[in-house]
Amino acid sequence: MGYVSGAPVVVLTGMAFEAKIATGDEALHGLRGDALERALDQRLAQPCAGLISFGMAGGLAPDLTPGALIVVRAVADGQALMATDSAWCDALLQALHQAQDRNSAGAGALAGIFAGIVAGVDAPAATVADKQALYRATGALAVDMESHIGARAAQRAGVPYAVCRVVLDPAQQAVPPAALAAFG
């Protein structure tokens, strides 16, 4: 069935806490690789307005600081560059810039809003050297472990797809070992 106007937007996150931020437990989360791909295919076969990948990402571009928001124009997975839905990206950028303008005088000012590429990987880019190599290879602003799987699933289902990620760790910082524990 796939895309249905007015149906819910499916949210894809990596971690349970990201799902709670996005939807209050209704997001697909906690799955990796083939299990995530199967779950997305099953969910996107049901009526939905589209798919958004939401949550944290590791910074790859050297000038991004923690808290930078990235609206993704395309996802690089090492084999392909998969475009996201331009109308959804434009709407997200407009909404985020309007929110930033409203809050610019307050303590909650954002660390910046950027549009570009995110790299999707199957294993964490944990070291500074890993991040530098991925940045050189893709030109991506950030990296996550779900967006590439979501992009492929959205293409197969023929539904709109967007990605909105927040940089957690900058390019110049390795992922802390405690954070890697979540990946087993």
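Helices and strands are here DSSP runs, of at least four residues for a helix (H or I) and at least two for a strand (E), numbered from the N terminus. By that numbering, T84 lies in the loop that links β4 (81–83) to α3 (86–103). The model is a predicted one, and the account below begins with the whole chain before it returns to T84 and other selected residues.

The protein contains 6 helices and 7 strands. Read from the N terminus, these elements follow the order β-α-α-β-β-β-α-β-α-β-α-β-α. Of the 184 residues, 43% are buried. Among contacts with a separation of 6 or more, 76% are between residues 24 or more positions apart. The exposed area of the protein is about 8,800 Å², and 58% of this is supplied by carbon and sulfur atoms.

T84 can now be considered in its loop between β4 and α3. Residues under 20% relative accessible area are classed as buried; T84 has a relative accessibility of 10% and therefore counts as buried. Its side chain reaches the backbone oxygen of V72 at a distance of 2.6 Å. Leaving aside residues up to four places away in sequence, T84 touches V72, R73, A74 and V75, together with C89, Y161, A162 and V163.

Y161, A162 and V163 also appear among the residues touched by S53, a residue of strand β2 (residues 50–59). S53 is buried because its relative accessible area is 0%. Although S53 and V163 are 110 residues apart along the chain, their C-alpha atoms are separated by 4.6 Å. Beyond residues up to four places away in sequence, the neighbours that S53 touches also include L12, D144, E146, S147, C164 and R165. Two of these neighbours are joined to S53 through side chains: a polar contact of 2.8 Å links the side chains of S53 and S147, and the side chain of S53 makes a polar contact of 2.7 Å with that of R165.

S147 leads to helix α5 (residues 147–157), where the buried residues are S147, H148, I149, G150, A151, A153 and A154. Just after α5, G158 adopts a positive phi of about 70°.

Helix α5 also packs against another helix. Two packed helices are described by the angle between their axes and the distance between the axes. For α2 (residues 33–44) and α5, the axes come within 9 Å and cross at roughly 35°. The crossing of α2 and α5 is right-handed. On the α2 side, the contact is made by G33, L36, E37, L40, D41 and L44, while α5 contributes I149, G150, R152, A153, A154, R156 and A157. By class, the contact between α2 and α5 has 7 nonpolar, 2 polar and 4 charged residues. Of the α5 residues in this contact, I149, G150, A153 and A154 are also listed as buried.

Two further loop residues complete the account. T127 is located in the loop between β5 (113–120) and α4 (128–138). With a relative accessible area of 37%, T127 is partly exposed, because that class covers values between 20% and 50%. The side chain of T127 reaches the backbone nitrogen of D130 at 2.9 Å. The C-alpha atoms of T127 and Q172 are separated by 8.9 Å, with their positions 45 residues apart along the chain.

V175 belongs to the loop between β7 (161–169) and α6 (177–180). A relative accessible area of 16% places V175 among the buried residues, since the class requires a value under 20%. V175 and G58 are 117 residues apart in sequence, yet their C-alpha atoms are 8.2 Å apart in space.

Terms used: Residues numbered from 1 in each chain as written. Predicted model: local features only at pLDDT ≥ 70, side-chain atom pairs only at ≥ 80, totals over all residues. Heavy atoms only, no water. Buried < 20%, exposed > 50% of the residue type's maximum accessible area, 1.4 Å probe, protein only. Contact = heavy atoms within 4.5 Å. Areas by Shrake-Rupley, 256 points an atom, 1.4 Å probe, with all protein chains shown as cover. Polar contact = N/O pair within 3.5 Å; in protein donor to acceptor, adjacent residues only side chain to side chain. Axes fitted to C-alpha atoms, helices over the stretch in contact; angles between N-to-C directions. Left-handed = near helix turned anticlockwise from the far one by under 90°. Nonpolar A, V, L, I, M, F, W, Y, C, P; charged D, E, K, R; others polar.
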